[in-house]
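Biologist: Hello! Could you walk me through this structure while I have it open in front of me?

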Amino acid sequence: IDGDTIVVSINRENKTVRLLSINTPEKNRFYYNEAKQFLEQYLGKEIILESLDEDNRQDKYKRELRYVYVDNGKVMLNAEILKLGLATLYYYEQDAYIGKLDSYEEYARNNELGIWQKSKDICASCLALNNIDNGKGKDDSKPGTEFIEIVNLCVYDCSLNGFNVKDDASHFYAFGDIVLRKKSSIKLYNGLGNNTDGDLYWQNKGVANIWNDDHDSVFIRDKEGRLVLFYRY
């Protein structure tokens, strides 16, 4: 289906499987096609599925959450797609494989593979995460509770037009025609609100919270999809 979701046939019954502990780019995003093509090479081949709990858990879309193996169990696809830089780590809870998966992602990041290719924009080295409030201990479903603060460290102004912010899941915020002045910062809040020169709002409807209390990641990418900033807690 895409880079992290497949349909498998088990005893002539089709089931949808979500590769556990990873997340690949959404459609029309940087390296979406490459991630999907990586899985397509295994179409029609025998695989092994592993669940790490007795409940054989599913996500909210009723997809089976599994580790997927090929070559008679010798190769875990969840790990391989991370190592190629076609996915990021996205786990629900710690398990026996998180350490291995983390090291594979780190390899891709250190070698700037795939989605870890760094931006060549003149402002890529200017932007830094000055602060983050994930709303822990607060009612972060309320607009304006969570925020990230981005600072421009350079001595010249930076256009953020075409840049976007993403979390570990699939929440995206696209900057409009925003210019971050030299040596100044801007806060991006959750929920609906009125934008000002120093404050922007995600404008996400419904449940307003974005950043998980326990662990999450901040990705900022340029208009070409290349990485400007990455922070994980």
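Biologist: Thanks! Where is the place of I210?

Modeller: A word on the model: it is predicted, local features need pLDDT of at least 70, side-chain atom pairs count only at pLDDT 80 or more, and totals for chains, interfaces and linings use all residues. Residues are numbered from 1 along each chain as its sequence is written, and side-chain values use heavy atoms, leaving out hydrogens and water. Strands are DSSP runs of E with at least two residues, helices are runs of H or I with at least four, and both are numbered from the N terminus. On that numbering, I210 sits in the loop between β15 (199-201) and β16 (217-221).

Biologist: Is I210 buried or exposed?

Modeller: Buried means under 20% relative accessible area, exposed over 50%, and partly exposed in between, with a 1.4 Å probe and protein chains only. The relative accessibility of I210 is 3%, so I210 counts as buried.

Biologist: Which residues is I210 in contact with, leaving aside neighbours within four places in sequence?

Modeller: Contact here means heavy atoms within 4.5 Å. With those neighbours set aside, the partners of I210 are E146, D167, H171, N190, W202, N204 and D216.

Biologist: Which element gives the largest share of the largest nonpolar core?

Modeller: A nonpolar core is a set of buried Ala, Val, Leu, Ile, Met, Phe, Trp, Tyr and Cys residues joined through side-chain atoms within 4.5 Å. The largest one has 26 residues, and I6, L19, F38, Y67, L77, I81 and L101 touch the most other members. Two or more residues come from each of β1 (5-10), β2 (13-19), α1 (32-40), β5 (64-70), α2 (77-83) and α3 (98-110). The largest share, five residues, is from β5.

Biologist: How many residues are in the other core?

Modeller: This other core lies apart from the largest one, and its members include Y173, L188, I210 and V218. In soluble globular proteins, nonpolar side chains tend to be buried together. The count for this other core is 19 residues.

Biologist: What is the radius of gyration of the protein chain?

Modeller: The chain holds three helices and 17 strands. The radius is taken over C-alpha atoms, and the globule rule is 2.2 Å times the number of residues to the power 0.38. For 233 residues that rule gives 17 Å, and the chain's own value is close to it, so the chain is as compact as a globular protein of that length, with a radius of gyration of 19 Å.
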